[in-house]
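Q: I have a new structure to look at and no idea how to read it. Could you take me through it, one feature at a time?

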Amino acid sequence: SDPSHGAHVLRQAEQLLASRHPEKWAGWKITTDISGTTRVAAVVCPAFSRHPRRALLRAARAGVPVITTADKVLAESFRRGELDVVPPNQPLALAHALLALATQPAAAQRRAEAAQRLAAGHHPAEPAWNRWQRLL
């Protein structure tokens with residue numbers, strides 16, 4: 001499967017949230033281009049395959065919440081509950097994970113901090129880590 005299909009699922013999830021939970025989703029924006037962005041709430045990867053593991057590990061190491069589809073390497077690196085894992089090609093499941101991020105930010109932050117501790121202990125820092133830190 002082509003991972004670009006994941007972007008379509010992300011857009012479908014965004015439409016579901018805008019139509020079913022407009023009051024909770026108000027003020028949130030999904031973008032695939034973070035250049036010029038001053039704050040990132042989460043890194044979302046609804047890929048069907050070929051996950052950008054390095055980018056996801058960088059985000060986890062920076063303490064950014066990660067929402068992704070299942071990936072064997074990520075599953076071996078993180079324990080259950082440290083990353084939000086949703087099934088591929090399921091916009092409703094992705095919408096639920098995004099809604100949880102929007103409505104339960106403290107829980108998302110606790111998961112991100114747990115993932116950060118694990119990533120920091122097992123994956124060395126890279127120069128891009130500083131960019132993620134500036135976006136937080």
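**Reading the fold**

A: Let's start with helix H3, whose buried residues are Leu56, Leu57, Ala59, Ala60 and Arg61. Buried means under 20% relative accessible area, exposed means over 50%, and partly exposed is in between, using a 1.4 Å probe and protein chains only. Helices (H or I, at least four residues) and strands (E, at least two) are DSSP runs, numbered from the N terminus. Just after H3 comes Gly63, with a positive phi near 85°. One caution: this is a predicted model, where local features need pLDDT of at least 70 and side-chain atom pairs count only at pLDDT 80 or more, while totals for chains, interfaces and linings use all residues. Residues are numbered from 1 along each chain as its sequence is written, and side-chain values use heavy atoms, with hydrogens and water left out.

Q: How many helices and strands does the chain have?

A: There are seven helices and three strands. Going along the sequence, you meet them in the pattern α-α-β-α-β-α-β-α-α-α. Of the chain's 136 residues, 39% are buried.

Q: In what order do the strands form the sheet?

A: Strands pair if DSSP finds at least two bridges between them. Here the order is E1-E2-E3, in an open sheet with parallel pairing. E1 and E3 each have a single partner strand, so one side of each is left without a neighbour in the sheet. From one strand to the next, the twist averages 15°. That angle is taken between N-to-C directions and runs from 0 to 180 degrees; the axes are lines fitted to C-alpha atoms, for helices over the stretch in contact.

Q: Which residues stand opposite each other?

A: Take E1 (residues 43-45) and E2 to begin with: three bridges pair them in the parallel sense. Cys45 faces Thr68 of E2 as its opposite number. On the other side, E2 and E3 (residues 84-86) run parallel and are also joined by three bridges. There Ile67 stands opposite Asp84, and Thr69 has Val86 as its bridge partner.

Q: Which way do the side chains of E2 point?

A: In a regular strand, side chains alternate between the two faces of the sheet. In E2 (residues 66-69), Val66 and Thr68 point one way and Ile67 and Thr69 the other, and all are buried.

Q: How does the chain get from E1 to E2?

A: Picture the strands pointing away from you: a crossover is right-handed if the path from the first strand over the helix to the second runs clockwise. From E1 the chain passes through H3 (residues 53-61) to E2, in a right-handed β-α-β crossover. E2, helix H4 (residues 72-77) and E3 make a right-handed β-α-β unit as well. H3 lies across E1 and E2, at about 150° to E2.

Q: What does Thr68 touch?

A: Contact means heavy atoms within 4.5 Å. Not counting residues up to four places away in sequence, Thr68 touches Cys45, His51, Leu56, Leu74, Asp84, Val85 and Val86. Thr68 counts as buried because its relative accessibility is 1%. Thr68 and Val86 are 18 residues apart along the chain, yet their C-alpha atoms are separated by 6.1 Å. For the chain, 68% of the contacts with a separation of 6 or more involve residues 24 or more positions apart.

Q: Which residues touch the most other members of the largest nonpolar core?

A: A nonpolar core is a set of buried Ala, Val, Leu, Ile, Met, Phe, Trp, Tyr and Cys residues joined through side-chain atoms within 4.5 Å. The largest one has 17 residues, and Leu56, Val64, Leu74, Phe78 and Leu83 touch the most other members. E1, H3 and helix H6 (105-122) each supply at least two residues of this core, and the largest share, four residues, comes from H3. Apart from it lies another core of 14 residues, among them Val9, Leu10, Ile30 and Leu98.

Q: Is Asn89 buried, partly exposed or exposed?

A: Asn89 counts as partly exposed, because its relative accessibility is 45%. You'll find Asn89 in the loop between E3 and helix H5 (91-103). Asn89 has a positive phi of about 60°, although it is not a glycine.
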